[in-house]
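Please read the following explanation with the model open beside you. It moves from the sheet to a helix, then to a single loop residue and a pocket.

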Amino acid sequence: MRMKASIIIPSYNASERLYLNLQSLNRLEYYRGDFEVIVIDNDSSDGTSEMLSNVTTNFEFNICNLNKNMGRAFARNYGVKEAKGEIIIFLDSDMIVEKSFLFRHIEAHKACNTAVCGQSWSRVYSFYYEEFKGYLIRNLSKQLAAKGIYKIDELINGQALI
């Protein structure tokens with residue numbers, strides 16, 4: 001039995017990090033018709049809106065633009081109201097997920113009737129910035145490679161489509 005999921009991502013002035021998040025979601029190993037991604041732009045002023053209108057995704061993708069920064073909780077609740085999925089998954093704009101992230105999350109819901117919470121360090125890497133230099137990029141690349149996720153330059157260059 002497949003379960004429809006809605007991944008909700010509130011964002012505020014996080015264009016470069018959100019871009020990498022969306023690129024990692026392009027790599028998910030899960031049936032594309034069974035999940036949607038909803039980004040709530042909390043009135044960003046860093047080019048987020050332009051990035052969102054130009055990014056290429058291979059999944060159902062909805063953008064909600066708020067005219068005022070209402071905070072993360074409001075944005076998440078707004079996303080829940082827009083969601084069509086049976087399961088709601090919250091991501092922050094700075095998270096890079098592994099290919100099996102959604103599959104594992106859905107399987108956990110099938111196995112038990114409870115809330116599922118993730119540990120950010122075991123399956124999600126946070127905080128990549130263009131200002132990362134030398135050892136920071138090498139460290140991130142090693143962590144991603146060790147988990148068999150993907151190469152960081154594939155995400156940065158938008159080569160993350162399956």
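What follows describes selected features of this predicted model.

The sheet is a convenient starting point: four strands form an open sheet in the order β3-β2-β1-β4, and their pairing is parallel. At the edges stand β3 (60–65) and β4 (87–90), and because each has a single partner strand, one side of each is left without a neighbour in the sheet. On average, and with direction ignored, neighbouring strands of this sheet are turned by 20° against each other. Within the sheet, strand β1, residues 5–11, pairs with strand β2, residues 35–41, in the parallel sense through seven bridges, and Ser-11 stands opposite Asp-41 in β2. Helix α1, made up of residues 15–26, lies across β1, β2 and β3 and runs at about 165° to β1.

From the strands we turn to a loop. Leu-66 is found in the loop between β3 and α3 (72–82), and its relative accessible area is 9%, under the 20% cut-off, so Leu-66 counts as buried. Leaving aside residues up to four places away in sequence, Leu-66 touches Ile-40, Asp-41, Asn-42 and Asp-43, as well as Phe-74, Ala-75 and Tyr-78. Asn-42 is 24 residues from Leu-66 in sequence, yet the two are 5.2 Å apart in space, C-alpha to C-alpha.

Asn-42 also belongs to the lining of the second largest pocket, together with Pro-10, Ser-11, Tyr-12, Ala-14, Asn-69, Gly-71, Arg-72, Asp-92 and Ser-93. This second largest pocket holds about 180 Å³ of space, and its lining comprises, by class, three nonpolar, five polar and two charged residues.

Note on methods
Residues numbered from 1 in each chain as written. Predicted model: local features only at pLDDT ≥ 70, side-chain atom pairs only at ≥ 80, totals over all residues. Heavy atoms only, no water. Pairing = 2+ DSSP bridges. Helix = DSSP H or I, 4+ residues; strand = E, 2+ residues; numbered from the N terminus. Axes fitted to C-alpha atoms, helices over the stretch in contact; angles between N-to-C directions. Contact = heavy atoms within 4.5 Å. 1 Å grid on protein atoms, 1.4 Å probe; cavity = no way out; pocket = protein on both sides within 12 Å on 5 of 7 lines; lining within 4 Å. Points joined across faces, edges and corners; volume = space filled by probe spheres on them. Nonpolar A, V, L, I, M, F, W, Y, C, P; charged D, E, K, R; others polar. Buried < 20%, exposed > 50% of the residue type's maximum accessible area, 1.4 Å probe, protein only.
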